[in-house]
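Student: I have a model open and would like to learn how to read its helices and loops. Where should I begin?

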Amino acid sequence: MFALTGVELGSLRGTVLVVVVYMWAPAVAAILVQRWHGESIRAGCGLRRGRLRWVGLAWVTPVGLLALTIAIGALFPEVSVTTDYGAFLRGLGLPEEQVEASVAVLEGLPVPPVVFLVGQGLVAGLTINAVAALGEELGWRGLLLRELSPLGFWRLSLITGVVWGIWHAPLIVQGHNFPEAPFAGIVVMTGWTVAASPLFTYLTIRAQSVLAATLLHGSFNAVASLSLVYLTGAGNLLVGPVGIAGIGAGLLATLACVVHDQYVAGDRMTTSTPLVPWSR
């Protein structure tokens with residue numbers, strides 16, 4: 001798409017293309033399929049209020065993923081935790097005057113900067129990021145989850161994770177997420193989507209609503225990227241939210257879902273038996 005249009009991925013037009021066209025392609029496909037078969041979009045894609053406590057849990061889950069990513073990333077050789085916001089902003093290419101002004105604002109906040117940044121990310125995940133994330137989730141944790149539900153939790157999550165990861169390949173080749181290693185980034189991104197897919201599946205079905213996956217996805221895009229602010233000594237491939245550290249965080253979150261499913265929940269879903277995502 002970007003090669004054909006000649007638009008740079010990092011430009012404003014490139015961002016618009018990603019959010020409006022690329023990220024909403026799965027939703028458009030799901031809507032067209034539902035219309036083709038004369039079925040309800042809301043019923044087929046789980047676009048319903050669902051269980052609000054689970055939707056709320058999904059919304060704040062990326063805070064835990066961020067903490068896990070930082071903890072795992074800090075274990076790598078030559079990687080350390082930092083609060084040098086100026087160094088991060090300089091790495092983005094901002095002029096020194098802007099860096100100093102931004103750091104002054106952060107230092108002048110009545111709360112620790114991390115609280116402000118995480119809170120800002122959660123607000124974005126509930127609003128503007130959710131709009132973009134819904135474009136993906138109507139496809140992945142909406143129609144695709146419903147169609148694959150007879151396969152059971154693990155096979156459903158694995159297939160969705162692989163499709164979800166490969167779907168990102170055209171963006172990653174263009175430099176998204178892993179500008180220093182785009183081709184290795186495709187493999188790592190797919191590793192992350194496979195690792196995190198059970199978490200998305202679990203919260204969506206517990207919430208009985210695609211809104212859970214939407215808010216999880218939206219907040220993740222805003223909050224989990226802070227790992228690159230607080231970890232130094234390595235690049236996105238290792239300590240990024242969808243890098244090696246992020247894969248570890250996704251696996252631990254999946255483990256937490258399994259523990260809850262086996263020892264806390266009244267009904268088990270992490271089995272090979274067919275799933276019932278939501279009532280029509």
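Tutor: We will go through helix length, bends, packing, burial and backbone angles, one topic at a time.

Student: What kind of model is this?

Tutor: It is a predicted model.

Student: How do I judge the length of a helix, and what span does H9 reach?

Tutor: Compare the distance between the end C-alpha atoms with the span expected at 1.5 Å a residue. Helix H9, residues 128-148, has 21 residues and reaches 29 Å, close to the expected 30 Å.

Student: Where does H9 bend?

Tutor: The bend is at Glu 137 and amounts to about 50°. As for its surroundings, H9 is mostly covered, with 16 of its 21 residues buried.

Student: How many residues does H12 have, and what span does it reach?

Tutor: H12 has 26 residues and covers 35 Å between its first and last C-alpha atoms, close to the expected 38 Å. It also has a kink of about 35° at Ala 196, shortly before the proline Pro 198.

Student: Why is H12 described as largely enclosed by the rest of the structure?

Tutor: Because 21 of its 26 residues are buried. Pro 198 of the kink region is also one of the residues touched by Trp 154.

Student: Where is Trp 154, then?

Tutor: Trp 154 lies in helix H10. Besides Pro 198, Trp 154 touches Thr 254, Val 258, Thr 270 and Thr 271, leaving aside residues up to four places away in sequence. Its C-alpha atom is 9.5 Å from that of Thr 273, although the two residues are 119 apart along the chain.

Student: Is Trp 154 buried, exposed or partly exposed?

Tutor: Its relative accessible area is 38%, so Trp 154 is partly exposed. The cut-offs are under 20% for buried and over 50% for exposed.

Student: How is the packing of two helices described?

Tutor: Two packed helices are described by the angle between their axes and the distance between those axes. Here, helix H8 (residues 113-126) and helix H13 (residues 210-223) pack at an angle of about 145°, and their axes are 7 Å apart. Their crossing is right-handed.

Student: Which residues make the contact between H8 and H13?

Tutor: From H8 come Val 118, Gly 121, Leu 122, Ala 124, Gly 125 and Leu 126. H13 supplies Leu 215, Gly 218, Ser 219, Ala 222 and Val 223. By type, the residues of this contact divide into 7 nonpolar and 4 polar, with no charged ones.

Student: I see a spacing of three or four in those numbers. What is the general idea?

Tutor: An α-helix has 3.6 residues a turn, so residues three or four places apart point the same way.

Student: Where does Gln 120 fit in?

Tutor: Gln 120 is in helix H8. With a relative accessible area of 45%, Gln 120 is partly exposed. The C-alpha atoms of Gln 120 and Ser 219 are separated by 9.7 Å, while the residues are 99 apart along the chain.

Student: How many residues of H13 are buried?

Tutor: H13 is mostly covered, with 12 of its 14 residues buried. Among them are Val 210, Leu 216, His 217 and Phe 220. The buried residues pack against several helices: H4, H5, H8, H9, H10 and H12. The span of H13 agrees with expectation, because its 14 residues should cover 20 Å and the end C-alpha atoms are 20 Å apart.

Student: What should I look for in the phi angles?

Tutor: Most residues other than glycine have a negative phi. Gln 208, just after H12, takes a positive phi of about 55°. Asn 177 also has a positive value, near 75°.

Student: Where do Asn 177 and Gln 208 lie?

Tutor: Asn 177 is in the loop between helix H11 and H12, and Gln 208 is in the loop between H12 and H13. Asn 177 counts as partly exposed at 24% relative accessibility; Gln 208 is partly exposed at 21%.

Student: Which residues does Gln 208 touch?

Tutor: Beyond four places away in sequence, Gln 208 touches Arg 48, Gly 50, Arg 51, Pro 277 and Trp 278. Its C-alpha atom lies 8.8 Å from that of Val 55, 153 residues away along the chain.

Definitions and conventions: Residues numbered from 1 in each chain as written. Predicted model: local features only at pLDDT ≥ 70, side-chain atom pairs only at ≥ 80, totals over all residues. Heavy atoms only, no water. Helix = DSSP H or I, 4+ residues; strand = E, 2+ residues; numbered from the N terminus. Expected span 1.5 Å × (residues − 1). Bend = angle between axes of the 7 residues up to and from the residue. Buried < 20%, exposed > 50% of the residue type's maximum accessible area, 1.4 Å probe, protein only. Axes fitted to C-alpha atoms, helices over the stretch in contact; angles between N-to-C directions. Left-handed = near helix turned anticlockwise from the far one by under 90°. Contact = heavy atoms within 4.5 Å. Nonpolar A, V, L, I, M, F, W, Y, C, P; charged D, E, K, R; others polar.
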